[in-house]
Amino acid sequence: KKLRREYTPSEFVEGILKGNITILSQAVTLVESAKYEHQQIAQEIIEKCLPHAGKSVRIGITGVPGAGKSTSIDAFGMHLIKEGRKLAVLAIDPSSERSKGSILGDKTRMEALSREKNAFIRPSPSAGSLGGVARKTRETIVLCEAAGYDTILVETVGVGQSETTVRSMVDFFLLVVLTGAGDELQGMKKGVMELADAIVVNKADGDNKQRAMVTRAEYERILQFLRQATENWTTHAYTCSAYTGAGIMELWNDVIEAFMKQGWGNGVLAERRKQQTLSWVYTMVEEHLHNLFYRSPAIIGCKEEIEREVVVGKISATMAVQDLINRFAAAELSGVNVKDSSPFEIK
Ligand code: GDP
């Protein structure tokens, strides 16, 4: 994507703070760009936006494809817009192949919402590692908050670690499920349920309503045996219909708002955000070190030989590690390593 006009970082920030959607979108494009120059500008913008960020309600949503996430976000989002809120919908989908339209691929999946001027919908950044995509989304959250979005929804499909990743950047995590009796529940990973602050059985309408209520009760029963996702908060199961809108308003008013009020009141959310920021820092440190190590000419030059030696049992694994680290450190000290890896780099 080409930027139509080159703004200075200050102009970007000014535009973002005014809530200019075009400028916000362009800044997000910079955040998502793999180009080093773009990343440098993006980092400057983010830093200037940080003091204006952090004041939103951050909600994560997950569920299998077809659970009704986008339909629910559409209904839920329209309710929020009517309440006078400004909503940003972002996605994390490392498996993203746009053609499959697996997630937020096209805005038509949120038809009503995409026409609202107070809704900012941003599809998942094009495929990359989960870590890379997650970093872009975290930074996009900062920009959206600075632009005045008071509610951020981060959507993900359950692939690999993506639920854990989204959990690590939101205050409240919602799991959308379907009816489907025992086997569905069996297949549901306990770990994912333990991340959720609420579970909602969607499509509780028409013939399906009764079954949805039964399913809700089953989830409720299982939840009793699971670890709670948030201190002092008991996760419950609910039903809703994104079609009829039943249960949507209640989900916001009675669950999420109550959660936010309690969490900010008792310090749990302040602590959660602090921990999230710190773990974000160290995740990036790890990525950066990882990149430096594997791209070091010193490592590339000796890796094969050391691997051979360790495989045939000539040296132990521990010795191999020691050797690799020593060579890396020596190369670092002597400046042999090319500094083509930056903490901002997207891989
Ligand atoms: P996602 O893949 O989780 O985003 O699921 P979608 O929102 O695309 O929904 C999958 C399908 O379920 C679509 O055909 C929707 O029209 C349908 N659907 C979504 N919500 C409801 C609902 O509340 N009731 C009924 N009956 N169908 C729904």
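# Exercises on a predicted model

pLDDT, the predictor's confidence in each residue from 0 to 100, stays under 50 over residues 98-102. For these residues the model has nine contacts (heavy atoms within 4.5 Å) beyond four places in sequence.

This is a predicted model, in which local features need pLDDT of at least 70 and side-chain atom pairs count only at pLDDT 80 or more, while totals for chains, interfaces and linings use all residues. Residues are numbered from 1 along each chain as its sequence is written, and side-chain values use heavy atoms, with hydrogens and water left out.

**Exercise 1. State the mean pLDDT of the protein and the share of its residues that reach 70 or more.**

Solution.
- Step 1: the mean pLDDT is 88.
- Step 2: 87% of the residues reach 70 or more.

**Exercise 2. Classify the ring pair of Phe172 and Phe259, and place both residues in the fold.**

Solution.
- Step 1: recall the rule. Rings of Phe, Tyr and Trp (its six-membered ring) pair if their centres lie within 6.5 Å; planes under 30 degrees apart are stacked, over 60 edge-to-face, and the rest tilted.
- Step 2: apply the rule. The ring centres of Phe172 and Phe259 are 4.9 Å apart and the planes stand at 80°, so this pair is edge-to-face.
- Step 3: locate the residues. Helices (H or I, at least four residues) and strands (E, at least two) are DSSP runs, numbered from the N terminus. Phe172 is in strand β5 (residues 172-177) and Phe259 in helix α10 (residues 248-265), so the pair ties together parts 87 residues apart in sequence.
- Step 4: look for a further partner. Ring pairs link Phe172, Trp233 and Phe259 into a cluster.

**Exercise 3. Phe293 and Tyr294 form an aromatic pair. Decide for each residue: buried, partly exposed or exposed?**

Solution.
- Step 1: note the cut-offs. Buried means under 20% relative accessible area, exposed over 50%, partly exposed in between (1.4 Å probe, protein chains only).
- Step 2: Phe293 has 13% relative accessibility, so Phe293 counts as buried.
- Step 3: Tyr294 has 43%, so Tyr294 counts as partly exposed.

**Exercise 4. Describe the surroundings of Ser70.**

Solution.
- Step 1: Ser70 sits in helix α4 (residues 69-82).
- Step 2: its relative accessible area is 7%, so Ser70 is buried.
- Step 3: set aside neighbours within four places in sequence. Ser70 is then in contact with Arg109, Met110 and Glu155.
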